[in-house]
Amino acid sequence: MILGSVYGLMTMGLSLIFGVLKIVNVGHGAFMMVGAYIAYWMFHLLGLSPIISIPIALAAGMALGYFFFQIVIAKLTTAAELTTLLATFAMGILLEESARFLWGPDYRGFSWNVGRLMLPPVAIIPLGKIYALISSSIVALLLYLWFKKGRSGSAVRAVMEDREGARVCGINVGRIYALSFSVGIGLTVLSGNLLTLFVPVGINPYMGGVYTLKAFVIAVLGGLSSPWGAFFAGFLFGLIENGSYTIFGLVPGLEPFSMTQFFAFFLLLMILLWKPTGLFGTK
Amino acid sequence: MKRLEKFLPLLPVYLFYGLLFLFGRSVEGMWQPAALAAFYAALGQAFNVFLGMTGYVDFGYVAFMALGAYGMALTISNFYTIAWLDGWLILMGLIAAALFSGALSVAVGAIALRLRGAYFAIATVGVNEGFRFLLEGVKLWGGSEGIVISSKLRTAFGTEGASELSTFWADVFVFLIAGLAAFVTLRYMQSRIGYALTALREDEDAAKSMGIYTTKYKLIAFITSSALAGLIGATAWTLKLTYVFPADAFAIHYTVEAIVIVILGGAGTLMGPVVGGVLYAVLKYGLGVTFPGLQLLILAPIILAIIVLFPEGIVGVLKTRVQGTVLQKFIV
């Protein structure tokens, strides 16, 4: 359930990019991997806790996003899905292979001991997870405020609704594209950073694939182009994941882990068919 | 003569495959690379029937190859003890492969083809991953352990026969499937199906309002493309590798490789996937030999550069160049 907050954050990045640029970022997980490595190195080399590396991850992610935008995406804003899907996938491969080249294919992990929160009758929750919940909620809230009140935030919303209309109103659409892509990637890297608070082991160059697919399911659940829907859908997905794992675990002869994944994709298809605007969609 | 003229575009394609085949057979140690090139070319051509002609991006395409592979593996592991079947066993496997992937494509197509663009791409990824996890989850067809058929092949064809089957005949089948795919592509391009698909690729709503039954034509292309993929999976994977594991067979990067090939060569052209496939195989194999372990790191920027600089692909550019010359008849 708490993991849901990180799921929500990771999907916000995906939905923001889809909402504004109409590009599905298939290299999503690779950017999360970068975030996880940032958390790992910050902790390992400088002894900084993942909480402190949040702004670093965000800044690094935005820089990375801006870099890829200028080099690749800027030329593809009007291209067919085929090209953009392939382009983002290639970006993902590039990141994964660079990570493997630099840091090797080994699984890495770290242990950050901050104690546990005791809720005797209910559960014992490691404090790290609480921090993750709090910080991801703060980030989501800040993003919400920027979106609703900030000048550039409103411009982003305008472009989401109607590219041409926004252009007519004097919004520099190209700049908004660059901005949303950077922020989207920044959020993705950030969520990868926070993810290490839950799963501090198993950091390796190819860890992203699973999260890409999960982010797809969550994004569709919340309505593909709605970052808000995505955040709440993240919580919902966390619940569904845990719940179905427990239920499938009770049925003999089934492999609960795979069945949970299967159920997630089944859900994805059903929602795409019946309510493509997502559970929280307005249209 | 007039009737044969419309088959002229096949000439360079078949010539190309013929040369590749001879090159692989005559030069020592080049059979496997040639077979790899044929595999990629065949994959590109099969995918092109759907992706190139309709413009829909099936991101879960590899699921059809996987089902074809399972079709073959299941046929062999169920009937390998029947001695009189002999070579017909392989034929049965091929038919089963085409049926398996064809059936899945009907199911997926009927549902997912209503969606467009990015939604379609995501839905097909969902089908691919969902199916894989279903197989592993309910432990169907060997679950996550997959199916291993090497010993069964030895029982059915003898040690020598089995090894010849997987080192030689499996690759020959891939060449044949590639030829079949080229033939089907050309037939489609020259018939109503091709015209309808071109119209719907350019503007689906306009095509619909002109009275084209778009769903029917999309489904035709989808099923054809999937059945071809199933055949490729059955031969290039099951027969050649003698095993099927779900984690390998549903690996999404085969879909991406197929997309790269189609784009590299030129989507919606006959020659494109052949050129793209061979070029991709050469690149991948060459980089693997010269920079072992780094080929993907080098390949990714190359892919990005191609997308940004030549979105129509090699044959796409070539096609506009030869317009109005004698070569026009050969390159479509």
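How many helices and strands does the secondary structure of chain B come to? Select chain B and colour by secondary structure: 15 helices and 2 strands are there. Keep in mind that this is a predicted model.

Stay with the whole of chain B for a moment. Its C-alpha trace spans about 55 × 45 × 45 Å along the principal axes. The radius of gyration of chain B is 20 Å, which agrees with the value near 20 Å that a compact globule with 332 residues would have. Of these 332 residues, 52% count as buried. Among the contacts in chain B with a separation of 6 or more, 77% are between residues 24 or more positions apart.

Next, select residues 62–79 of chain B, which form helix H4, and residues 88–112 of chain B, which form helix H5. The two axes come within 7 Å and cross at roughly 140°. That angle makes H4(B) oblique to H5(B), because only angles over 145 degrees count as roughly antiparallel. The crossing of H4(B) and H5(B) is right-handed.

Now show the side chains where these helices meet. On the H4(B) side, select B:Ala63, B:Phe64, B:Leu67, B:Gly68, B:Tyr70, B:Gly71, B:Met72, B:Leu74, B:Thr75, B:Ile76 and B:Phe79. Facing them in H5(B) are B:Leu89, B:Met92, B:Gly93, B:Ala96, B:Ala97, B:Leu99, B:Phe100, B:Ser101, B:Leu104 and B:Ser105. Colour this selection by residue class: the contact of H4(B) with H5(B) has 15 nonpolar and 6 polar residues, and no charged ones.

Key
Residues numbered from 1 in each chain as written. Chains lettered and ligands numbered in written order. Predicted model: local features only at pLDDT ≥ 70, side-chain atom pairs only at ≥ 80, totals over all residues. Axes fitted to C-alpha atoms, helices over the stretch in contact; angles between N-to-C directions. Helix = DSSP H or I, 4+ residues; strand = E, 2+ residues; numbered from the N terminus. Parallel < 35°, antiparallel > 145°, perpendicular 65-115°, else oblique. Left-handed = near helix turned anticlockwise from the far one by under 90°. Contact = placed C-beta atoms within 7 Å. Nonpolar A, V, L, I, M, F, W, Y, C, P; charged D, E, K, R; others polar. Rg over C-alpha atoms; globule rule 2.2 N^0.38 Å. Buried ≥ 20, exposed ≤ 12 C-beta atoms within 10 Å, placed from the backbone.
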